[in-house]
Structures are given as structure tokens and as C-alpha cells.
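Colleague: I'm new to this one, so could you take me through a single part of it closely? I'd like to hear about the aromatic rings and what sits around them.

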Amino acid sequence: MAGGGHDGGAGDYGGGVTFSVVVTCLMAASCGLIFGYDSGVSGGVTQMDSFLSKFFPEVVEGRKNAKVDAYCKYDNQWLTAFTSSLWIAGTLSSLVASRVTRRVGRQAIMLIDSALFLAGSVINAAAVNIAMLIIGRMLLGFGLGFTLQAAPVYLSETAPAKWRGAFTSAYNAFVVIGILSATVTNYFTNRIPDWRWRVSLDLAAVPGAAIVLGAFFVSDTPISLAMRGQPDGARATLQRIRGADADVDAEFKDIVRAVDAARQNDEGAFRRLFSKEYRHYLAIGVAIPVFYEFTGMIVISIFSPVLFRTVGFSSQRAILGSVINSARNLASTLLSSAVMDRTGRRFLFIVGGLGMMLCEVTISWIMAEHLGKHGGVTMPRSYATGVLVLICTCTFSFGLSWAPLRWVVPSEIYPVEVRSAGQALSISITLCISFVELQVLIALLCAMKHAVFLFYAAWLLAMTAFVVAFLPETKGVPLEAMRSVWARHTVTSIGQPDTVGCELAAVLLNLSTTGNQMVVDDWSPNSCHVTSVRLSSISRMAGL
């Protein structure tokens with residue numbers, strides 16, 4: 001079963017939520033605004049008649065053909081490539097983002113990705129052919145790979161441990177605000193003739209420019225500064241974000257200790273990540289992004305206007321449905337940020353997963369019973385409205401659970417020596433699966449029809465069971481003490497040193513009365529093994 005939360009002790013540092021930490025975290029989290037806008041704008045643009053007529057006229061012709069199956073009206077690989085190209089570019093940049101982030105710092109990475117977002121937005125808005133569209137989207141994707149690597153880690157390293165969940169989930173809140181802004185923009189620009197899509201794509205440059213300017217006014221994280229040989233700057237930054245009167249000695253010493261351990265193993269972080277010592281971190285760090293992609297919500301979020309057109313809404317009503325859906329997502333994300341550090345991560349994962357599963361099963365049933373049985377291409381209005389309500393409910397469950405926690409948990413579980421590598425691996429997996437999923441979704445919808453939602457519902461059942469069995473609770477645990485959670489977590493400690501033996505050894509050697517304190521004060525990847533050997537020696541000496 002899952003381990004409990006942090007019991008306090010050595011990992012409880014001074015300082016609270018200061019104005020400086022709020023401003024700094026909001027600046028980092030606002031990188032999600034660009035990501036959300038560029039993700040959300042494509043779904044609305046790809047069903048605008050003016051956009052389709054200019055770049056994908058065959059889709060327009062197919063949509064007017066009464067013989068075309070309702071599920072297949074948007075089945076065009078170039079159209080889906082416009083959306084999915086962002087994700088494959090993000091995958092490529094995320095592969096190098098870890099090393100670049102370690103060398104130049106989190107703040108510099110945010111500057112780079114904002115500039116790439118800005119350039120991609122301008123090219124997309126000025127596009128005259130499909131090649132320009134895809135080049136612009138790929139520039140956006142390169143920026144995406146860097147920001148997904150740097151921003152969540154920046155937030156988790158800056159925020160106080162007690163409120164780390166709320167601050168780190170702020171990134172997802174800004175992603176949702178970006179998606180909502182994109183759908184509202186599409187709703188109003190859809191009324192503009194001919195060049196409506198250019199306005200939607202060009203407005204992505206506004207948050208990009210704002211973040212480029214804002215990034216100059218925030219400092220790097222204390223951990224990042226310490227890792228790059230700037231201990232004085234690291235301490236000054238820590239003092240500023242924790243408050244002038246806060247005693248930061250204990251936290252700074254733990255940071256220095258963690259950074260020193262990381263420096264000793266500076267090379268080969270990815271190789272070590274796959275070693276036995278880090279197996280349990282890797283299992284969770286890989287499982288969460290994989291399961292996240294198979295909730296089915298990324299395709300609902302990006303292609304919701306297309307889904308609403310599929311079930312019979314007009315263009316304007318389809319975009320309005322996406323606005324309503326995005327607003328529900330924002331509401332649930334804000335609620336999750338408020339309660340996450342009280343209820344814990346596991347509870348939200350379980351409740352949200354079950355809620356999404358029930359909604360997707362019901363959506364599949366309604367579409368099986370009513371789509372295509374009335375004229376072949378639309379659904380009766382009352383049932384189409386029911387699908388809208390169910391999608392909004394599913395999105396609410398998603399925003400309460402997997403949407404924010406997907407960023408929170410991977411950014412906090414890894415030890416500092418493999419944190420950048422672990423985050424990069426999680427991001428690469430996410431973006432790669434997103435690319436494949438978005439590229440094949442319309443074809444999958446055409447082939448599987450309503451059963452596509454049953455496919456995602458089965459995944460939701462599997463991932464909820466995984467969380468119940470394998471995920472420990474991490475709320476309130478300082479990053480430097482995160483190993484203690486895994487040491488107490490009996491299921492995911494398979495292949496790890498015996499926890500009970502470590503606890504007993506710690507007592508006999510007068511290291512501590514709890515495994516938690518021992519892990520904080522005297523930990524290395526082999527410390528439990530060494531302690532167990534010393535315990536065996538003591539036992540033999542005592543004749544036990």
C-alpha cells in the first residue's frame with residue numbers, strides 16, 4: 001500500500017508564502033499560458049471554413065458529402081499534421097533540454113522558449129501554404145519542449161514544501177487559461193470573414209512577448225544557482241523568496257548537500273536513472289505521463305470543436321461548446337490547486353480517474369445509439385447537448401486530478417542528481433505519445449467510431465488501479481527529504497534495500513529513531529545497504 005505523508009522533522013524549513021515567491025512562481029507558471037493557447041487555438045482553427053478552404057479544400061468537400069461517415073468528416077493526415085507537428089518538435093527539443101537546463105539554468109531556458117513561441121506565432125499567422133504552417137508549429141514545439149522541462153521544475157524548487165502542490169499546479173492552471181483564451185478568441189474571430197484564422201494564430205505572440213520581458217525580472221532557483229557554482233547567489237535568492245526574517249540555514253545546508261551529491265555523479269544522469277537504485281522513481285516517472293496521455297483528454301481538449309461538429313453542432317456552436325468546456329476545466333484546476341495540499345495527490349488521482357471513466361463509457365453509449373441513425377451524419381440536438389454535458393463533466397474530473405498532478409508529481413519525486421534527466425524523460429514520453437495520438441486520432445475515430453471512448457475508459461480503469469497500488473503520498477514532503485517517502489513505501493521498494501532493516505540499523509547505530517530522519521541526514525544510494533552490513537556485523541559481534 002501507499003506510504004503516508006511526511007512526518008515533519010528535519011525537512012520542515014522556515015519561511016512562508018512571500019510576495020517574492022508568489023511573483024516568481026507566477027512568472028514561471030505563465031509559460032503555461034503560451035502552451036495552452038497554442039494547444040487550444042488549433043482545434044478551433046481546424047474547423048473554420050476559411051482556414052480549411054485555403055489549406056485543406058478536400059476536407060470541405062468531404063464534409064459536404066452526405067455519403068461520408070459522421071466519424072470520418074475530418075479524416076485528413078495533413079490536417080492532423082498541422083496540430084501534431086508541434087508535439088514531435090517538442091519531443092526532439094525535450095531530449096536535449098535536460099543538459100541545456102543544467103548548464104544555463106531554469107530562467108535562461110524560459111527566455112529561450114518564449115522567443116521560440118514568439119517566432120512560431122508570427123510565421124503561423126503569415127502562412128501562405130501548408131509548409132509555413134508546419135514550420136511555425138514546429139518552432140512552437142521546440143519552445144514547448146524547453147518550457148515543459150524548465151517551468152515545473154522551477155516551480156517545485158522555488159515553492160515552500162507545504163504549498164508546493166498549489167504552486168506547481170499553477171503551471172497547469174495557466175495552461176488551462178491559455179486554452180480558454182484560445183477558444184474565446186476563436187469564438188469571436190470566427191465571425192470575421194476570410195482571415196479569421198490569422199487573427200487567432202497571431203494573437204499567440206502577445207503572451208510570448210510578455211513572458212520574454214517578464215523573465216528578465218525573476219532570478220534562477222537556489223538549487224540551479226548552487227549547481228552552477230554560485231552558492232552566494234543561491235543563498236541570497238533563497239533568503240529573498242523565503243522572507244527577510246526567515247531562517248534559511250537548514251534548507252540551504254540541505255540544498256548544498258544535495259547539490260554536492262549530484263556533482264559527484266554529474267555525468268551519466270540518464271544512465272543512472274535506469275539503474276537499480278532509481279528503479280522505483282523511474283517506474284512512477286514513466287507511468288504517469290503514459291497514463292496521462294491515455295486518459296483521452298488531450299484529444300478532447302484539442303479536438304473538441306471537431307467532436308462537437310461531428311455530433312451535429314454548427315461551427316459557432318461547436319466553438320462555444322469548447323469555451324464552456326475550457327471554463328469548466330479552469331474551475332476544476334483552480335479547485336484542485338486549492339485542495340491538493342490538503343487532500344493529497346492519491347485521493348485526487350483516484351476520484352478524477354473514476355469520474356472520467358464513467359463519463360467516457362456513457363459518451364460511447366450515447367454515440368453508439370444515436371450518432372449515424374438519423375440521416376447518417378448528425379445526432380439529435382438533445383443527445384448532442386448530452387454529449388456536451390458529459391464532456392464538460394469529464395473535463396472537470398480531469399482538471400481536478402490528472403491535469404495538474406501530471407506536472408506536480410514527476411517534478412517532485414526525483415532526487416536532485418537525476419531530477420533534470422527524469423523530468424526530461426517524462427516530458428519526452430508525453431510529447432512523443434501526444435504526437436502519435438493526435439496524428440492518428442481522427443483516423444482512429446473513423447475506424448473505431450464510438451468505441452474509441454471505451455478504449456480510453458479501459459486505460460482509466462488500469463491507471464486508477466496503478467495509483468491505488470503503487471503511488472506513495474508526497475504532499476508536504478520537502479524535495480530534499482523525498483527519499484524518505486520511497487523508503488517507507490513497501491510496494492515500490494521492490495529491488496530496494498530492506499526498509500525495516502534500515503530502520504533497525506538506524507536505531508542501533510544511533511543515527512535516528514526513524515527511517516525518515518536517517519534518510520534525510522545520512523543517505524546515499526547505497527546507505528541502507530552499508531547500514532545493513534554494519535548491522536549484520538554488530539549482530540555477529542553480539543552473538544545474535
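Modeller: Sure, and keep in mind that this is a predicted model. Let's start with a charge over a ring: the charged end of R406 sits over the ring of Y292, 5.9 Å from its centre. R137 does likewise with F82, its charged end lying over that ring at 5.1 Å from the centre.

Now for rings meeting rings. A pair of aromatic rings is described by the distance of the centres and the angle of the planes. The count here comes to 17 aromatic pairs. Take F51 and W197: their ring centres are 5.6 Å apart and their planes stand at 65 degrees, which is over the 60 needed, so this pair is edge-to-face. F51 belongs to helix α3 (residues 49-55) and W197 to helix α9 (residues 196-202), so the pair ties together parts that are 146 residues apart in sequence. Both partners are tucked away: F51 is buried, with a relative accessible area of 0%, and W197 is buried too, at 1%.

Next come Y278 and Y281, whose ring centres lie 6.1 Å apart with planes at 45 degrees, so that pair counts as tilted. Y278 is buried, with a relative accessible area of 3%, and Y281 is buried with a value of 1%.

Finally, rings can also join up in a group. F291, F294, F455, Y456, W459, F466 and F470 are linked by ring pairs into a cluster, so if you're browsing the structure, have a look there as well.

Methods
Residues are numbered from 1 along each chain as its sequence is written. This is a predicted model: local features need pLDDT of at least 70, side-chain atom pairs count only at pLDDT 80 or more; totals for chains, interfaces and linings use all residues. Side-chain values use heavy atoms; hydrogens and water are left out. Rings of Phe, Tyr and Trp (its six-membered ring) pair if their centres lie within 6.5 Å; planes under 30 degrees apart count as stacked, over 60 as edge-to-face and the rest as tilted. Helices (H or I, at least four residues) and strands (E, at least two) are DSSP runs, numbered from the N terminus. Buried means under 20% relative accessible area, exposed over 50%, partly exposed in between (1.4 Å probe, protein chains only). A charge sits over a ring if NZ of Lys or CZ of Arg is within 6 Å of the ring centre and within 35 degrees of the ring normal.
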